[in-house]
Amino acid sequence: MTVPEQATSSPEPLLKVSGLVKHFPIKKGLLQRQAGAVQAVDGLDFDVRPGETLGVVGESGCGKSTMGRLVTRLLEPTSGTIEFEGKDITHLNTAQMRPMRRDVQMIFQDPYSSLNPRHTVGAIISAPFRLQGVTPEGGVKAEVQRLLALVGLNPEHYNRYPHEFSGGQRQRIGIARALALKPKLVVADEPVSALDVSIQAQVVNLLDDLQDELGLTYVIIAHDLSVIRHVSDRIAVMYLGKIVELADRKDLYERPMHPYTKALLSAVPVPDPRRRAKRERILLKGDVPSPIAPPSGCRFHTRCWKATEVCTTQEPPLLTLATGHQAACHHPENAADRAPAEKPGAEAARKVTKKTDS
Ligand SMILES: Nc1ncnc2c1ncn2[C@@H]1O[C@H](COP(=O)(O)OP(=O)(O)O)[C@@H](O)[C@H]1O
Ligand code: SF4
Ligand SMILES: [Mg+2]
């Protein structure tokens, strides 16, 4: 049964994305004819509410960074619309985007390459002021020092260079730069993936603290669920350019509906050995198929142990299957089967090994 979306007084979304598509053309030969396209993002619908953290997860190459660069308007979409505070920003040019640049900022994955090594930390963090032509109250230096302290760095170090800082500290510099203009929305693209596991939690916790302090709204991208599990209010799971499941964090963890989500969850480390022993581990065989020629029907069917005939021919739409819980699957877990007449294909079942953790 499809449950209608609740008509409660949910606030106006800060960001609203509809039918968002980004295809990168592939050009071949001397004449550079278009020979196909990388379907990096292929029809995303979601919104981000003020003050929330939307986590976005999926394997490498599924279109997460492209999505982040589209919604921050660093990339021009192929089709679809992006609205920010109710305003259509899909095709704004650089000049029209300038006022919005203050409100929407991005934190990048690699703190090594995203900071100019020849600029001091002070110059890096104050660059947004120069670009926007704003002078902060109390002057640039005082504001840079305030930002350094805010992200847990020594305010006296504004004259140092990026190489004098550790990886975690460099990502803090990237965070300070992103927060300089007091943005409303911050898109963080795998903000801790390049960092040592031992300091990942510190940086994620810093983001979490800053959200409360500054009333920020986040989209945090990660390639697995372990990093964003504690900080996300809702989580979107992506596979090959599409959202396959979107739900409240607790719902997603306790009642995953999409088989891909279930597989991702089974790979998250469980600290408690008693719970670990009980859990079924799902190992997905094979790689993610190419986004140049994605599989027909459900894009996950080549790796799904529940796949049936219908999965190979009909694309499952992203539907609300429980309150606030959307999934795109003909045979969802924890919900009524949407194509119950069929039996799982024996071939698909063989492609997947299930094993129990020991
Ligand atoms: N500028 C580009 N030109 C062509 N293909 C691209 C470009 N950027 C990304 N892609 C392709 O789009 C797909 C999605 O990439 P990306 O958004 O970086 O995924 P993720 O961040 O989830 O790893 C990949 O197949 C990638 O190779
Ligand atoms: S639609 Fe079919 S192939 Fe796709 S996830 Fe659901 S069961 Fe698996
Ligand atoms: Mg990426």
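Which strands does helix α1 (residues 64–71) lie across? In this predicted model, helix α1 lies across β3, β6, β7 (185–189), β8 and β9 (234–239), and runs at about 155° to β8. Helix α6 (residues 197–214) also packs on the sheet; α6 touches β3, β6 and β8, and its direction makes about 165° with that of β8. Contact here means heavy atoms within 4.5 Å, while axes are lines fitted to C-alpha atoms, for helices over the stretch in contact, with angles from 0 to 180 degrees between N-to-C directions. Helices (H or I, at least four residues) and strands (E, at least two) are DSSP runs numbered from the N terminus. As a reading aid, residues are numbered from 1 along each chain as its sequence is written, chains are lettered from A and ligands numbered from 1 in the order in which they are written. Local features need pLDDT of at least 70, side-chain atom pairs count only at pLDDT 80 or more, and totals for chains, interfaces and linings use all residues, with side-chain values based on heavy atoms, hydrogens and water being left out.

The sheet beneath these helices deserves a look of its own. Its 8 strands form an open sheet with mixed pairing, in the order β6-β7-β8-β3-β9-β10-β13-β12. β6 (104–107) and β12 (319–322) stand at the edges with a single partner strand each, so one side of each is left without a neighbour in the sheet. On average, neighbouring strands are turned by 25° against each other, direction ignored. Within this sheet, β3 (residues 53–57) and β8 (residues 217–222) run parallel and are joined by 5 bridges, pairing being assigned where DSSP finds at least two bridges between two strands. V56 has I221 as its bridge partner in β8.

A further open sheet holds 4 strands, ordered β2-β1-β4-β5, with antiparallel pairing. Its edges are β2 and β5 (87–88), each with a single partner strand, so one side of each lacks a neighbour in the sheet. β1 (residues 15–28) is joined to β2 (residues 33–48) by 12 bridges, and V21 stands opposite D42 in β2. The hairpin of β1 and β2 has 4 residues between the strands, and G29 takes a positive phi near 75° there. β1 also pairs with β4 (residues 79–84) over 5 bridges in the antiparallel sense; V17 stands opposite I82, and K16 has E83 as its bridge partner.

Finally, ligand 2 is surrounded by 13 residues (a heavy atom within 4 Å), the closest being C298, C304, C311, C329 and H330.
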